[in-house]
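Biologist: I've got the sequence and the model open. Can you walk me through what is in there?

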Amino acid sequence: MATVVHQSKSVPSLNLDRDLARITELLTLLETRTDITLPKDEMILLRQVLTSPFFKSVKEVYENVYQTVDVTGNPEVIATATAKATISAFAASEGQGHPRVVDIERTPEGFGFNIMGGKEQKCPIYISRIIPGGYAEKHGGLRRGDQILSIGGESLEDANHEKAVDLLKNTEGKIKLIVKYAPKILEEMEWRFEHTKSFRRGGRSSTKN
C-alpha cells in the first residue's frame, strides 16, 4: 500500500455518494429507454457493481486515502495518486479480505483490542485479541485477524510495533483505521511465536540439565 501521511495543507472533504447516486439514477433511466440503442446488459452490470458492498469498500478507502495522500498539485494529480494507492491496497489483499475503513473512538479504557506484529518481527500489524466487553467488541467493526494497514492516515507498511502502539496511544477522540481480514496470516504468526517460545524453553532446560 502506498505510504500516506497527513498533509499540511487543507484538503476539502471528499464524498462520492452524491455522484454515485446520480450515475446509478442515470443508468436506471437509460435502461428503460427504448428510443436509443445502448448495451443494456452492460449498464445493468455496471449499476450492480456501483451499488455492491465491495464497491462501497473501495469508495470508503479511496475517500480516506484522498484526505491523507502525500501529494501536492492540482485535483487531477491528487486523484490519480489516490487511485493508485487504493488499487495497491486492494491488490495487496488478493486472496484475503478486501480493505475496509473502520471509524473508532478512544474511550477511557482504550480501544478494546490488542495488537501484535511489526517490522522487527518480520510481519504486519494485526489485531490479535478483541477484549470481551471492551469498546471494539461493542462497536463490532473490527475482528481478531484484521491486519491494520493505516491509523489516521499513517501507513503501517514496514512499521515497527512501537510505532503502531504510539499512534493508537496518542489518539484522542475518533480515528479512521484501514484494515483487512487475513486470519490465516495471524495464525501463522502466532504459531511461529509459540514455536519460538517453546524452543527457547527447551534450550534453557537443556542448559540447566
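Modeller: We can go through confidence, core, strands, rings and a couple of odd backbone angles.

Biologist: What kind of model is this, and what does the chain average in pLDDT?

Modeller: This is a predicted model. The chain averages a pLDDT of 79. Of the residues, 82% score at least 70.

Biologist: Where does pLDDT stay under 50?

Modeller: Over residues 1-9, and again over residues 204-209. For residues 1-9, the model has 34 contacts beyond four places in sequence. For residues 204-209, that count is zero.

Biologist: Okay, the core. How many residues are in the largest nonpolar core?

Modeller: The largest nonpolar core has 18 residues. Ile 104, Phe 113, Leu 142 and Ile 148 have the most contacts inside it.

Biologist: Which elements give two or more residues to this core?

Modeller: Five strands and a helix do: β1 (100-105), β2 (113-118), β3 (123-130), β4 (146-151), β6 (174-181) and α6 (161-169). The most come from β6, which gives three residues.

Biologist: And what is Leu 142 in contact with, leaving aside neighbours within four places in sequence?

Modeller: Leu 142 is in contact with Arg 100, Val 102 and Ile 104. It also contacts Phe 113, Ile 127, Ile 130, Leu 177 and Val 179.

Biologist: What other core lies apart from that one?

Modeller: There is another core of 13 residues. Val 69, Ala 81, Ala 85 and Val 101 are among them.

Biologist: Any general reason to look for such clusters?

Modeller: In soluble globular proteins, nonpolar side chains tend to be buried together.

Biologist: Strands next. How do β1 and β6 run, and how many bridges join them?

Modeller: They run antiparallel, joined by six bridges. Val 101 stands opposite Ile 178 in β6.

Biologist: How many bridges join β4 to β6?

Modeller: Five, and that pair is antiparallel. Ile 178 turns up again here, as the bridge partner of Ser 150.

Biologist: Ser 150, then. Is it buried or exposed?

Modeller: Ser 150 sits in strand β4. It has a relative accessible area of 1%, so it is buried.

Biologist: What does Ser 150 touch, not counting residues up to four places away in sequence?

Modeller: Asn 64, Ser 155 and Leu 156, plus Lys 176, Leu 177 and Ile 178.

Biologist: Switching to aromatics. How many aromatic pairs does a search of the whole structure find?

Modeller: Two. Tyr 62 and Tyr 66 form a stacked pair, 6.4 Å centre to centre with 25° between the planes.

Biologist: Where do Tyr 62 and Tyr 66 lie?

Modeller: Both lie in helix α3 (residues 53-68). They are four residues apart, about one turn of the helix. Tyr 62 counts as buried because its relative accessibility is 18%, and the cut-off for buried is under 20%. Tyr 66 is buried too, with a relative accessible area of 12%.

Biologist: And the pair of Phe 111 and Phe 113: why is it stacked?

Modeller: The ring centres of Phe 111 and Phe 113 are 6.0 Å apart and the planes are at 25°, so the pair is stacked. Planes under 30 degrees apart count as stacked. Phe 111 is buried at 6% relative accessible area. For Phe 113 the value is 10%, also buried.

Biologist: What lies over the face of Tyr 181?

Modeller: Arg 143 does, at 3.7 Å from the ring centre.

Biologist: Last topic, backbone angles. What is phi of Lys 122?

Modeller: Near 60°, a positive value in a residue other than glycine. Most residues other than glycine have a negative phi.

Biologist: Where is Lys 122 placed?

Modeller: In the loop between β2 and β3. Those strands form a hairpin with four residues between them. Five bridges join β2 to β3, running antiparallel, and Asn 114 has Arg 129 in β3 as bridge partner. Lys 122 counts as exposed, at 75% relative accessibility.

Biologist: What about Asp 158, where is it found?

Modeller: Asp 158 is in the loop between β5 (154-155) and α6. Its phi is positive, about 65°, although it is not a glycine. With a relative accessible area of 59%, Asp 158 is exposed.

Key:
Residues numbered from 1 in each chain as written. Predicted model: local features only at pLDDT ≥ 70, side-chain atom pairs only at ≥ 80, totals over all residues. Heavy atoms only, no water. Core = buried A, V, L, I, M, F, W, Y, C linked by side-chain atoms within 4.5 Å. Buried < 20%, exposed > 50% of the residue type's maximum accessible area, 1.4 Å probe, protein only. Contact = heavy atoms within 4.5 Å. Phe/Tyr/Trp six-rings, centres within 6.5 Å; stacked < 30°, edge-to-face > 60°. Lys NZ or Arg CZ within 6 Å of the ring centre and 35° of its normal. pLDDT = per-residue confidence, 0-100. Pairing = 2+ DSSP bridges.
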